[in-house]
Amino acid sequence: MTVMVEGYAHRTGEHCASTALRNILSFRGVNFSEEMIFGLSSGLGFFYIQSHHLSPTRMFHGRTMTLESDFSLNTQIPFEDRPIADDDQAWTAVREQIDAGLPVMVSTDTFYLRYHNTTSHFPGHRAVVVGYDDTSETIYLADRKFDAYQSCSFEELKHSRNAPDYPMSCNNQFGDFQGDVKLGVSIDEAILAAMRRNANGMLTETDSNASGVRMGVDGIRTVADDLPDWHELEDWSWASRFGYQIVIKRGAGGSFFRSLYASFLEEAAEYVPDIATARLPQIMTAIAARWRDLATLLKEQSERESCEPALFTRAGEIAAELADAEHAFFTSLREVAD
């Protein structure tokens, strides 16, 4: 028997999580643009991972790890995002919501979902479960870049949610809205709270933890320092290719999420005029363009048959410029928010 969520309208978008949140909220009667969702989630971030257990061994990303839960904190819209250790219990929790007629956002590794047609792991990709069929053991998913619903087997979804053979797992993370779905604060208060949280997160210096992760502007500076040495990596080409992809592709909106945030600021300025006075949208747009410059160098490196160390040196110089630019931007963002 096939069970489907009735009335769910899937629309494609730039980023998986902000697209999923926008569409689920619309289903529940709350309508925001994807850009506003991303900004209200304090979504702009940076983290850098160095690990010889992962592929590539050097990778960075441009959004926060807590985007989904921060949306709830900033807006006071009750949303719960949590992991479940047991695979069977994790599916039961999702299935119960579908049976109740509610879509559920799950975290996946696209490597295990055949419709993504990828040979590389990408854990943390968000999709929305909208139905299932017990007889054929099929799951139906609304996924960011696909116009139509996609399908996968029960086994595929289980592996994608809790990787059996890759050290970075999604741990069956899933999220859904609880109770009365509406803003718990005014929109301008939510915007200011989101900006403040985003600025504090990017400006807080963090020590590398056991997994080798560096966060925020401090993480950008670490990348700037490390990039000149990437030519010594065995997987220098793949690390370069992934770096290019994570800025331009892979749900980053073409500019490492920075253009998405610039659009949020333009929209948010209608409620918080000081955003426009401080020219924050224009500053972030310029930063987005500089990230594209960095990505161009990494793409050029990845397409070479032999490594050119000078390209990594130049990329490190641009990363250092970006660290200074983002430090100045988030300092201004915090001043406006305070």
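**Backbone outliers, a buried arginine and the largest pocket**

Asn 171 is partly exposed, at a relative accessible area of 42% (between 20% and 50%; under 20% is buried and over 50% exposed, with a 1.4 Å probe and protein chains only). Although not a glycine, Asn 171 has a positive phi of about 55°. The model is predicted, so that local features need pLDDT of at least 70 and side-chain atom pairs pLDDT 80 or more, whereas totals for chains, interfaces and linings use all residues. Residues are numbered from 1 along each chain as its sequence is written, and side-chain values use heavy atoms, without hydrogens and water.

A positive phi, near 60°, is also found at Gln 76, a residue other than glycine. Gln 76 counts as partly exposed, at 45% relative accessibility. A cis peptide bond, with omega about 0°, joins Ser 55 and Pro 56.

Arg 22 is buried yet has no salt bridge (a side-chain nitrogen of Lys or Arg within 4 Å of a carboxyl oxygen of Asp or Glu). The nearest side chain of opposite charge, Glu 34, is 4.2 Å away; Lys and Arg count as positive, Asp and Glu as negative, and His and the chain ends are not counted. The side chain of Arg 22 does reach the backbone oxygen of Thr 12, at 2.9 Å.

The largest pocket (an open set of points on a 1 Å grid over the protein atoms alone, with protein on both sides within 12 Å along at least five of seven lines) has a volume of about 1,100 Å³, taken as the space filled by probe spheres set on the points. Of its 43 lining residues, those closest to the centre are Phe 47, Pro 123, Gly 124, His 125 and Met 168; lining residues have an atom within 4 Å of a point.

How values were computed. On a 1 Å grid over the protein atoms alone, a cavity is a set of points where a 1.4 Å probe fits but cannot get out, and a pocket is an open set with protein on both sides within 12 Å along at least five of seven lines; lining residues have an atom within 4 Å of a point. A polar contact is a pair of N or O atoms within 3.5 Å; within protein, one must be able to donate a hydrogen and the other to accept it, and residues adjacent in sequence count only if both atoms are side-chain atoms.
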